[in-house]
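Student: Hi! I'm new to this one and would love a walk through it. Can we start with the overall layout and then look at a few residues?

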Amino acid sequence: MWFGVDIGGTSVKAAIVDDGGRLVAQQAIPTEAGRGPADLCLRLRETLRGMADACGMDPGVIRGAGVGVPAFLDLARGVVVEAINLGWREVPLAELLADVLGMPVSVDNDANLAALGEAWAGAGAGAHTVLCTTVGTGVGGGVVIGGRLHHGANGMAGEIGHMRVVREGGLLCNCGQTGCLETVASATAIVREARERQAAGMLPPDERIDGAADVARLARDHEAARRVLETAGRWLGFGLAQAAVVLNPDVIVIGGGVSKAGDLLLEPARAAFTESAQRLVAEATLLRLAKLGNGAGVVGAARLAMQRA
Ligand SMILES: [Zn+2]
């Protein structure tokens, strides 16, 4: 058994995962990052004990822990270099948690571990080369080759959200560049475009548009909302095609909140992918929706712990 942890800005998901990637027990606790990493480590120990007790399990059968953090990390040292959403800098998280839990602890970026989870026990199971993308507020990504995460020189491999797909006149991205895939294919972009159409009278003025789910709902009755999702989907497919030519993946997994729009997003993404990717690359690649939902992170964290044991 393995302990998988996925730290988010507001909540932390914790789970006991077996050798086959199944969730044996799971629980979410508030992050309360302001109380500091040492405090969170103690609360994680209590959570693990509580979950083990509830399923009549001796905590001694848990052989290691993996932790996903929304941060830039020094992977070799297990140090959180900077986690903007948590307000943490230079935190030796792997060491802190290992001391508290009394077991080996490995850390990685949260998007990478979601990718590892999907590649191991989700939509990419059994495939050799898997590119995973998480389309939510931003567009994240991770690359898994032969069952292992590919980090690149400094952990930036697979960050497809920051491919500059709009070469001229693109919008400013959080990363400081303009025209990143994230500026045209994320939930943020979908909401922005839908609100513009609403302001132009193309969508009902009294409908609240706060997330991609609102746009997906409006798409049932309104062509303008369908067009917004189609445009975002086409940008996503175009970006994935560029990445696919480099990676030649067997499977591309599309997850994150926006993927809940289903075919409204996936169909245009598939079409743009097939048009833009080199033919032999396109023929070899399956585009699939993610399977594990928001459990992908803890499953991937458990897999990381397993690989480091
Ligand atoms: Zn960017």
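Student: How far apart are the C-alpha centres of domain 1 and domain 2?

Tutor: They lie 28 Å apart. Keep in mind that this is a predicted model.

Student: Okay, and which residues belong to which domain?

Tutor: Domain 1 is made of residues 2-115 plus 295-308. Domain 2 covers 127-290.

Student: How many residues are in contact between the two domains?

Tutor: Eight residues of domain 1 are in contact with nine residues of domain 2.

Student: And what area do domain 1 and domain 2 bury between them?

Tutor: About 880 Å², with 53% of it on carbon and sulfur atoms. On the domain 1 side, Asn112, Ala115 and Gln307 supply 55% of the area buried against domain 2, more than any other three residues.

Student: Why give an area at all?

Tutor: The accessible area lost when the parts come together is often used to express the size of an interface.

Student: Got it. How many salt bridges does the rule find across the interface of domain 1 and domain 2?

Tutor: Zero. There are, however, two residue pairs in polar contact between domain 1 and domain 2.

Student: Which helix gives the largest share of the side of domain 1 that touches domain 2?

Tutor: Helix α3, residues 110-121, which contributes four residues. By kind, the residues on that side of domain 1 are five nonpolar, two polar and one charged.

Student: New topic: where is Ala25 found?

Tutor: Ala25 is in strand β3, which runs over residues 23-30.

Student: Is Ala25 buried or exposed?

Tutor: Ala25 counts as buried, because its relative accessibility is 13% and the cut-off for buried is under 20%.

Student: What does Ala25 touch, leaving out residues up to four places away in sequence?

Tutor: Ala25 touches Ala14, Ala15, Ile16, Met51 and Cys55. As for Gly50, it is 25 residues from Ala25 in sequence, and their C-alpha atoms are 10.0 Å apart in space.

Student: Let's switch to Asp214. Which helix is Asp214 in?

Tutor: Asp214 sits in helix α6, residues 212-218.

Student: Why does Asp214 count as buried?

Tutor: Because its relative accessibility is 17%, and buried means under 20%.

Student: Which residues does Asp214 touch, again not counting those up to four places away in sequence?

Tutor: Asp214 touches Arg208 and Ile209. Also, a polar atom of the Asp214 side chain lies 2.7 Å from the backbone nitrogen of Asp210.

Student: Thanks, that helps!

Terms used
Residues numbered from 1 in each chain as written. Predicted model: local features only at pLDDT ≥ 70, side-chain atom pairs only at ≥ 80, totals over all residues. Heavy atoms only, no water. Domains from an automatic or database assignment. Contact = heavy atoms within 4.5 Å. Buried area = accessible area lost by both parts, 1.4 Å probe. Salt bridge = Lys/Arg side-chain N within 4 Å of Asp/Glu carboxyl O. Polar contact = N/O pair within 3.5 Å; in protein donor to acceptor, adjacent residues only side chain to side chain. Helix = DSSP H or I, 4+ residues; strand = E, 2+ residues; numbered from the N terminus. Nonpolar A, V, L, I, M, F, W, Y, C, P; charged D, E, K, R; others polar. Buried < 20%, exposed > 50% of the residue type's maximum accessible area, 1.4 Å probe, protein only.
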